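User: I would like a close look at one part of this protein. Please take me through a single helix and its surroundings.

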Amino acid sequence: MSPSVRARLDRLRRQYAPHEHRPLDGYAAMMGAFGVLAGSLGIAAKITGRTAPERPAIADVVLISIATHKLSRLIAKDAITSPLRAPFTRYDEPGGDGEVNEEVRHQGSSVRHSIGELVSCPFCLAVWVATGLTSGLVFAPRLTRLAATVFTATAVSDFLQLAYSVAKEAADGGPELNGDPELNGDEERPGQQASVRVIASA
């Protein structure tokens, strides 16, 4: 990046967020990388003679959508994939259901910061994952549908696991209240104590 472009971006960043660090040059690099990826896929499709369908099948749209949701969260939030994010993020706390919450590393270059935001944000990753899976339908449709089926089945299983937990908790009468008489409604009220004394005296 030329010094003049960098200086212009620095000035723009100060004007855009004077009280907070926002790595606009890193974001610009990420957008450029995505543009190069999309352009390369288009060129590869033309060279290999692959043609995109005029209208994607509804079943493929549903399959890719659910698979994108699951794969994005798997990359961005799953505890097992944290080594992939570790160079760009820092562990913060458990996120529940096998997920973790992380903070982006602020030290280092703006590109590193931007990558940290990308790989820890399932919403940000979704467009990259969807682009990859959709391109897979053009270059290797059978293999892509098979892989997408795995992630779609996993996503459905996750929702079923959560539904089962909620149903089991409801069937068991809700969470235990640890014997607290106030929470269980067993605490005697002043009126109740007075009634007991009147009955006893009678």
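Analyst: Below is a walk through helix 3 and its neighbours, starting from the whole chain.

The model is predicted. The protein chain holds nine helices and two strands. Read along the sequence, the order is α-α-α-α-β-β-α-α-α-α-α. Of its 202 residues, 23% are buried. The exposed area is about 14,000 Å². Carbon and sulfur atoms supply 62% of that area. Take the contacts in the chain with a separation of 6 or more: 55% of them link residues 24 or more positions apart.

Now helix 3 itself. Helix 3 has 20 residues. From first C-alpha to last, helix 3 reaches 28 Å, close to the 28 Å expected at 1.5 Å a residue. Its buried residues are Asp-60, Leu-63, Ile-64, Ala-67, Thr-68, Lys-70, Leu-71, Ser-72, Ala-76 and Lys-77. An α-helix has 3.6 residues a turn, so residues three or four places apart point the same way. What do the buried residues of helix 3 pack against? Their partners are helix 4 (82-85), strand 2 (99-104), helix 5 (110-119), helix 6 and helix 7 (141-171).

Next, the core. In soluble globular proteins, nonpolar side chains tend to be buried together. Here the largest nonpolar core has seven residues: Leu-63, Ile-64, Ala-67, Leu-71, Val-129, Leu-133 and Ala-148. Helix 3 (58-77) and helix 6 (122-139) each supply at least two of them. The largest share, four residues, comes from helix 3.

Two residues show the contacts in detail. Start with Ala-67. Leaving out residues up to four places away in sequence, Ala-67 touches Leu-133, Ala-148, Phe-151 and Thr-152. Among these, Leu-133 and Ala-148 belong to the largest nonpolar core, as does Ala-67.

Then Lys-70, also in helix 3. Is Lys-70 buried or exposed? Lys-70 counts as buried because its relative accessibility is 14%, and the cut-off for buried is under 20%. With the same sequence neighbours left out, Lys-70 touches Phe-151, Thr-154, Ala-155 and Asp-158. Phe-151 is thus in contact with Lys-70 and with Ala-67.

Helix 6 is the other main supplier to follow. At 1.5 Å a residue, the 18 residues of helix 6 should span 26 Å. The end C-alpha atoms are 25 Å apart, which agrees. Pro-122, Leu-125, Val-129, Thr-131, Leu-133, Ser-135, Gly-136 and Val-138 are buried in helix 6. These buried residues pack against helix 2 (24-48), helix 3, helix 5 and helix 7.

Helix 5 deserves a word too. Two packed helices are described by the angle between their axes and the distance between the axes. For helix 5 and helix 6, the angle is about 85° and the axes lie 6 Å apart. The two helices are therefore roughly perpendicular to each other. Where they meet, helix 5 brings Glu-117, Leu-118 and Val-119. Helix 6 brings Cys-124, Leu-125 and Trp-128. One of these, Leu-125, is buried in helix 6.

Last, a contrast outside the helix. Asp-97 sits in the loop between strand 1 (89-96) and strand 2. Asp-97 is exposed, with a relative accessible area of 71%. Along the chain, Asp-97 and Leu-162 are 65 residues apart, but their C-alpha atoms are separated by 9.0 Å.

How values were computed. Residues numbered from 1 in each chain as written. Predicted model: local features only at pLDDT ≥ 70, side-chain atom pairs only at ≥ 80, totals over all residues. Heavy atoms only, no water. Core = buried A, V, L, I, M, F, W, Y, C linked by side-chain atoms within 4.5 Å. Buried < 20%, exposed > 50% of the residue type's maximum accessible area, 1.4 Å probe, protein only. Contact = heavy atoms within 4.5 Å. Areas by Shrake-Rupley, 256 points an atom, 1.4 Å probe, with all protein chains shown as cover. Expected span 1.5 Å × (residues − 1). Axes fitted to C-alpha atoms, helices over the stretch in contact; angles between N-to-C directions. Parallel < 35°, antiparallel > 145°, perpendicular 65-115°, else oblique.
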